[in-house]
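Trainee: I have the model open and would like to go through its packing and backbone. Where should we begin?

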Amino acid sequence: MSDSEKFMKMAFDLAEKGRGLVEPNPLVGAVIVKDGQIVGKGRHEFFGGPHAEVNAINNAGDLCKGAEIYVTLEPCSHFGKTPPCVEAIKRAGISKAFFAVEDPNPLTKGKGTAILNEAGIKVEEGVLEEEAHVQNAPFFKLIAKKMPYVIAKWAMTLDGKIATQTGDSKWISNEKSRNYVHDLRGKMDAIMVGSGTVIADDPLLTCRSKACRTPKRIIIDSGAGLPLNSKLIRTINEAEVIVATTNKARADNVKGLEDAGCKILRVKETNGLVDLSETLKELGRMSLTNVMVEGGGMILGSLFDNGLVDKAMIFVSPKIIGDAKAKSPVSGRGAISVSDAFQFENVKSYQCDDDTVIEAVIRNY
């Protein structure tokens, strides 16, 4: 690993600490190096706060003069909630800037590099670029497709079952895995489920860990029939509930949910059901960056069928249920042949006690 890659890796580690705090902004970390020694560090800490470059420059002080800065994303060149970072870099006297990847935001794309070059500051782009795409995949997708990054999450047995034929699913995964899921929820903008899951399980979908944020709860419900006595409604003051429905939903159902405090998201229908692509576009207009979908099988199946899943997180428990009628995690149309299966890449696995967690991604943008 070269020195530039080593310092950029440190910047990635700093950036990661902002996950769940900075969205819809990207995760960004910055490291300032002088004579081979780190003299300043910074990250984007929260949405609306100073950017990573500014925090690193403030940390380094006068040692910035003649130093190099390593940033995980092209420094911004426009006024937003904070002033342009390129101006701070120029004022600090930094002589060279390394960054991992060009900012896809049209307001900045390529402009930060141009301004630094005009100021006589050397720029090197593309240090660990692939890692930068992975870390900020939700931000890149929101910019490119105006839709949030979709994580399909489920827990299943070794034989691929999420519940018995009677619907019993407590508990497929172990306690450590369930606690981990709560940590994950705290880094999401929203948790999504279908109305069938709500009726079957009456979930809270809240985050019960010391989380970065409280995610919105999104229910896909073509008939707007979400029970008014559900835990979701009873805890609506703790976390927002958004019900995605269609124009064919009964008016009294919709009014009841609105009166209970739900936000109603009316989208077009496809085959009598909520169009999930249109739903995600609406969520993108709300600047939601990432959504974790926790079931049920019809929702997950439709997302896979329409190429709307970006990442899967699967918790595999060392149990066997058996029974052809027991429930599987993904339904929908599915693949006619194995060659048509939805193919993931960058697969990794790790343990949560005796559960195995599998993560896999696919780039759709």
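Mentor: Begin with a term: a nonpolar core is a set of buried Ala, Val, Leu, Ile, Met, Phe, Trp, Tyr and Cys residues joined through side-chain atoms within 4.5 Å. Keep in mind that this is a predicted model.

Trainee: How many residues does the largest nonpolar core have?

Mentor: In general, nonpolar side chains tend to be buried together in soluble globular proteins. Here, the residues with the most contacts inside the largest core are Met8, Ile32, Ile57, Cys64, Ile69, Ile89 and Ile94. The size of that core is 38 residues.

Trainee: Which element supplies the largest share of this core?

Mentor: Several elements supply at least two residues each, including β1 (29-34), α2 (52-60), β3 (68-71) and α3 (85-92). Others that do so are β4 (96-99), α6 (137-145) and α1 (3-16). The largest share is 5 residues, and it comes from α1.

Trainee: How many residues are in the other core?

Mentor: The other core lies apart from the largest one. Among its residues are Ala190, Val293, Ile314 and Phe344. Its size is 32 residues.

Trainee: Which residues does Ile94 touch, not counting those up to four places away in sequence?

Mentor: Ile94 is one of the residues with the most contacts inside the largest core. Two of its partners, Glu68 and Ala67, are outside that most-contacts list. With residues up to four places away not counted, Ile94 touches those two and Ile32, Ile57, Cys64, Ile69, Ile89 and Ile121.Trainee: Are α2 and α3 roughly parallel or roughly antiparallel?

Mentor: Their axes are 9 Å apart, and they pack at an angle of about 20 degrees. Angles under 35 degrees count as roughly parallel. Therefore α2 and α3 are roughly parallel.

Trainee: Is the crossing of α2 and α3 left-handed or right-handed, and which residues meet there?

Mentor: α2 passes α3 in a left-handed crossing. On the α3 side, the residues are Cys85, Ala88, Ile89 and Ala92. From α2 they meet Glu53, Val54 and Ile57.

Trainee: By class, how many residues in the contact of α2 with α3 are nonpolar, polar and charged?

Mentor: Glu53 is in this contact, and Glu counts as charged. The full tally by class is 6 nonpolar, no polar and 1 charged.

Trainee: Is Ser4 buried or exposed, and which residues is it in contact with?

Mentor: Ser4 lies in helix α1. Its relative accessible area is 15%, and buried means under 20%, so Ser4 is buried. Leaving aside neighbours within four places in sequence, Ser4 is in contact with Tyr70, Phe98 and Val127.

Trainee: Which elements do the buried residues of α6 pack against?

Mentor: The buried residues of α6 are Ala137, Pro138, Phe139, Phe140, Lys141 and Leu142. Just after α6, Lys146 takes a positive phi of about 60 degrees. The buried residues of α6 pack against α5, β6, α11 and β13.

Trainee: What covers the buried residues of α12?

Mentor: Helix α12 covers residues 297-305, and its buried residues are Gly297, Ile299, Leu300, Gly301, Leu303 and Phe304. After α12 comes Gly307, with a positive phi near 65 degrees. The cover of the buried residues includes β6 (149-157), β7 (190-194), β8 (216-220), α11 (276-285) and β13 (290-293).

Trainee: Which peptide bond is cis with omega near -10 degrees, and which with omega near 0 degrees?

Mentor: Most peptide bonds are trans. Trp171 lies in the loop between β6 and α7 (175-185), and Gly296 in the loop between β13 and α12. The bond with omega near -10 degrees runs from Lys170 to Trp171. The bond with omega near 0 degrees runs from Gly295 to Gly296.

Trainee: Is Leu128 buried or exposed?

Mentor: Leu128 is found in the loop between β5 (122-125) and α5 (129-135). Its phi is positive, about 55 degrees, although it is not a glycine. At 15% relative accessibility, Leu128 counts as buried.

Trainee: What is the relative accessible area of Asp323?

Mentor: Asp323 is found in the loop between β14 (311-317) and β15 (345-352). Asp323 is not a glycine, yet its phi is positive, about 75 degrees. Asp323 is partly exposed, with a relative accessible area of 36%.

Trainee: How far apart in space are Asp183 and Cys207, C-alpha to C-alpha?

Mentor: Asp183 lies in helix α7. At 37% relative accessibility, Asp183 counts as partly exposed. In sequence, Asp183 and Cys207 are 24 residues apart. In space, C-alpha to C-alpha, the distance is 7.2 Å.

Notes. Residues are numbered from 1 along each chain as its sequence is written. This is a predicted model: local features need pLDDT of at least 70, side-chain atom pairs count only at pLDDT 80 or more; totals for chains, interfaces and linings use all residues. Side-chain values use heavy atoms; hydrogens and water are left out. Buried means under 20% relative accessible area, exposed over 50%, partly exposed in between (1.4 Å probe, protein chains only). Helices (H or I, at least four residues) and strands (E, at least two) are DSSP runs, numbered from the N terminus. Contact means heavy atoms within 4.5 Å. Axes are lines fitted to C-alpha atoms, for helices over the stretch in contact, and angles run from 0 to 180 degrees between N-to-C directions. Angles under 35 degrees count as roughly parallel, over 145 as roughly antiparallel, 65 to 115 as roughly perpendicular and the rest as oblique. A crossing is left-handed if the near helix is turned anticlockwise from the far one by less than a right angle, and right-handed if clockwise.
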